[in-house]
Amino acid sequence: MQVKNTFVRIVHAHQFVLKLVWRIDKRRILLDLLERLCNVYEFLVYGALFTQILLTLAAKNMDYDQMLMIIWLGLLPRVVTRLYLLYYTNTAGPVSDVRFQEGMNKLLYEKACQVDLTCFEDSEFYNQYMMAVREAKTRVPKMLHDICNMAVSFAAALLGFYLIWRMDRYALLFIIMPILGNFVFNGMLSGRIFQLEQETIVFTRIAEYVNRTIHLADYAKEIRLSNVFSLLGSKYDSSVKSAQKVVKKLAPMNMLLFFCFQYFTFTLLFNGSFLYAGYQALVTGTIAFAELAVFQNFMCCNTWNFLFSAEAAVENIKNSFFIEQIEGFLKYKPKIPEDTDGLLPQLPIRTVTFSHVSFCYQKGRAVLKDVCLELKEGDHTALVGFNGSGKSTLIKLLLRLYDPDEGVILVNGTDIRKYNLRAYRSLFSAAFQDGRIFADTVEENILMGIHRTPEQDAETVWRALALAGMDEEVRSWEHQEQTVLTREFAKEGLVLSGGQSQKLLAARAFARDCPIAVFDEPSSALDPIAEYRLFQNILQYSGKRMLLFISHRLSSVQNADTVLFLENGRIAERGSHRELMQQGGKYASLYLKQAKNYQA
């Protein structure tokens, strides 16, 4: 039953690979088939059959000129095959590799951009995701090559078996040796190697994480100003030791299987067949001495063909496990597809309503619980509360990065799940406290790929920088808005401070003309004066727009029309700043504590 299941999995993996390669680069299949055919010709046809023909003709005392003509005729196809092999190795193969890598990357990138954010919090899926991204660009072309190798070599091996059978039937017994070596012992070894990969990938990820943190500038200050390096070192040592335990556990049987594979596949086959042929030629006389070279040639050529076929088959067994991971990732269907079609939102946006919305990232751990609220056109609403109260989650649900587990979110009275997703998200200009700066110019980091005319782009960029309070600073830089950020690709790239990064992220939001503005902790790295100015500009930018923003500094929310105080996933208090202060509840208590600290 297990063998049957393995066979079905391999066949399915073959079908998937062939369809995938056909989709990306149809020529690749033909190129690999021709390359393998040329190699088989070199081994079997030219190396064995042609040699047999020449020896047979020589034994019949053929005329020298005729013999020379046959030799030249036999060389011509070999010249053609050799030229093609050179073309494949130096031109066609590398060009096809680049073309395939490009096509495979596009598929992986498209799928990676489709993956639901919840998947990044699922370690099992993330392991599969990392394995797919890491292995796809090498495993898929390798498996295609092995499929071609297996098909052509197997056909050539059958022809070789027939030719050997005609010379000596008992010699075929030696073929059993590589069958045992490859399909039994090496097959078992391949399964255990995949098991090794699966059991160590978690430890590999930990080691890679430590390597990344040690080398990136983002972590340099903390490493130098604390003892965290020892913690990272212990994590690294622990992951290495854990991986070593897995290796040690599997190593003894792996060594035994590898020995059996080598012994049955090579030692018994080559040495055994050579001794057998020599015995038949020198002792029994059943093979003429001249035929001994032909026989051994056949055995060698056919053995290598069989070995190529068997090796390709075993490699396919091993690769099929990885192909399943790749296929699983590429066929993953997101809960919120990025290409979701539907209704187009109609402007103006009059209302945004949360109706009994609940949500949890993991089962049993609710982040939002039965949230009900309504935002109206022109409302400026502040979300405040302690860490983990659900503020950022509420915004993520509004942006439809996640969908509620219970309840519904309505925009203009329509369930947001009925809208075209791209059109719906275009309603929002957003800035997040954990937003990222990309390795590109200031201009591109603000426009984020949305371009009009050069004049309009420049106007948009400088207006956004002015609202973010960063225009004068950028004008002082040598390349101004064309300054390259980060040193990922440019030694002269500018590395922004935390405050500068937050201003640039705010400018990214200011650059968009959308009916709803969302700011999630846009000023946590700014000094009080810069923060005050930024919030004044946020209010100026928002104007008649609907504004939803989060701030831990309650001094920034006094001018909001409505303040929502969240606690444990629920809206505990709501009202204007004045109303909540008069209530003397938790918001007022927190505000007074912060004000006291500022006064001190």
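Trainee: Is α14 largely enclosed by the rest of the structure or largely exposed, and how many of its 13 residues are buried?

Mentor: This is a predicted model, and the burial of α14 is read from its computed coordinates, with buried meaning under 20% relative accessible area. The buried residues include G499, K503, L504, R508 and F510. Because so much of the helix is buried, α14 is largely enclosed by the rest of the structure, and the number of its 13 residues that are buried is twelve.

Trainee: Which elements do the buried residues of α14 pack against?

Mentor: Among the buried residues of α14 are L505, A506, A507 and A509. The buried residues of the helix pack against two strands and four helices, namely β6 (428-432), β7 (516-520), α11 (442-447), α12 (454-467), α13 (471-475) and α15 (528-542).

Trainee: How far apart are the end C-alpha atoms of helix α14 (residues 498-510), and why does that distance agree with what its 13 residues should span?

Mentor: At 1.5 Å a residue, the 13 residues should span 18 Å. The computed distance agrees with that expectation, since the end C-alpha atoms are 19 Å apart.

Trainee: Which residues touch the most other members of the largest nonpolar core?

Mentor: Nonpolar side chains in soluble globular proteins tend to be buried together. Here F519 touches A506, A509 and F510, among others. Within the core of 42 residues, those touching the most other members are I446, L465, F510, F519 and Y587.

Trainee: Is C260 buried or exposed?

Mentor: The cut-off for burial is under 20% relative accessible area. C260 has a relative accessible area of 14%, so C260 is buried.

Technical notes. Residues numbered from 1 in each chain as written. Predicted model: local features only at pLDDT ≥ 70, side-chain atom pairs only at ≥ 80, totals over all residues. Heavy atoms only, no water. Expected span 1.5 Å × (residues − 1). Buried < 20%, exposed > 50% of the residue type's maximum accessible area, 1.4 Å probe, protein only. Contact = heavy atoms within 4.5 Å. Core = buried A, V, L, I, M, F, W, Y, C linked by side-chain atoms within 4.5 Å. Lists of a residue's contacts leave out its neighbours within four places in sequence.
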